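Me: I have a structure open and would like to go through a few parts of it with you. Could you keep the answers plain?

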Amino acid sequence: MSKAKILVAPPPLVIDDTNLSRGWARLLLQILDGAGTEVAPLTLSLSGFDENGAAAESPAVRQALDRLLKRKSRLVVDDVAFTIFPQRLWEMSRGDRARLFTLYRATFPRWQAMNRKANGRGLYFERMVMYGRGPCNGNQLEWILSQYNSRPGVRRSMLQATTFDPERDHVASAQLGFPCLQQVSFEPTPAGLVTNAFYATQQIFDKAYGNYLGLAQLGAFMAHEMGMPLARLNVMVGVAKLERIRKTDADFAPLVTAARALLAPPVTVQSHPAEPALSASVVS
């Protein structure tokens with residue numbers, strides 16, 4: 001084969017940021033300003049979490065995205081994040097993870113029934129805590145936490161939870177909206193907990209921001225239960241794609257404006273040196 005015919009796969013797009021909104025905005029503008037509608041592969045890494053593990057966000061970008069999602073009859077960011085971690089239930093549980101798991105098991109049928117078409121195959125947090133088989137009655141997060149907190153030196157390969165299940169998910173359907181998230185792993189480091197997530201594909205417009213928020217909330221929960229801060233979230237995506245909205249859609253304008261404003265370099269105001277004071281000897 002001649003050199004002219006050798007095809008080389010594109011290098012990964014790596015986005016490293018301390019603000020969730022800015023990291024997602026960089027991904028969005030990469031697509032809108034370039035050719036095509038996909039990035040393959042993508043690695044997005046977030047840090048800069050506060051003492052409670054909350055990610056930094058830009059209200060202008062978040063609000064503009066939520067307005068556009070509602071306009072297109074899509075789930076808003078918080079609802080997408082809830083599929084990965086039920087932050088509202090965790091707040092209701094007041095730091096009691098056993099209560100969180102009990103609340104979730106009791107209310108899951110209601111969440112599933114609210115959108116049977118989208119949630120009929122399950123939700124990500126449901127797969128993590130109600131997998132259907134395995135130790136702790138299929139609660140993978142409880143298994144990880146109980147093992148980690150029981151003794152020092154737990155092998156690191158133990159600290160992972162899967163959402164993909166070949167028994168249920170290897171089906172021949174042309175389109176399958178769930179699960180795109182395959183696996184989450186947790187890595188304790190001297191700086192704190194590093195959470196890693198692996199996606200086969202990811203929807204940039206209607207899912208990615210909520211995915212990142214939900215994963216950050218999941219990481220904060222695990223870090224809290226493991227007695228350390230959340231240090232970093234890494235999200236590896238095989239194919240990140242812009243679908244269900246056209247790049248030229250006029251409704252994009254407010255969101256794009258907010259995204260560009262967030263990424264714009266800060267304006268520096270140059271100060272002029274003060275005029276030197278005149279000597280008394282030269283004042284007329």
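Me: Which elements do the buried residues of α8 pack against?

Reply: This is a predicted model, in which local features need pLDDT of at least 70, side-chain atom pairs count only at pLDDT 80 or more, and totals for chains, interfaces and linings use all residues. Residues are numbered from 1 along each chain as its sequence is written, and side-chain values use heavy atoms, with hydrogens and water left out. The buried residues of α8 pack against α5 (97-114), α7 (124-129), β4 (160-162), β5 (181-189) and α10 (204-226), where contact means heavy atoms within 4.5 Å, and helices (H or I, at least four residues) and strands (E, at least two) are DSSP runs, numbered from the N terminus.

Me: Which residues of α8 are buried?

Reply: In α8, residues 140-150, they are Q140, L141, I144, L145 and Q147, buried being under 20% relative accessible area with a 1.4 Å probe, protein chains only. They cover an arc of only 170° around the axis, which puts them on the same side of α8; the arc is that of the directions from the helix axis to the C-beta atoms.

Me: Switching to β1, which side chains point to which face?

Reply: Along β1, residues 13-17, L13, I15 and D17 point to one face and are buried, whereas V14 and D16 point to the other and are not buried.

Me: And what does D17 touch?

Reply: Leaving out residues up to four places away in sequence, D17 touches R22, G23, R26, S45, L46 and S47, and its relative accessible area is 6%.

Definitions and conventions: Buried means under 20% relative accessible area, exposed over 50%, partly exposed in between (1.4 Å probe, protein chains only).
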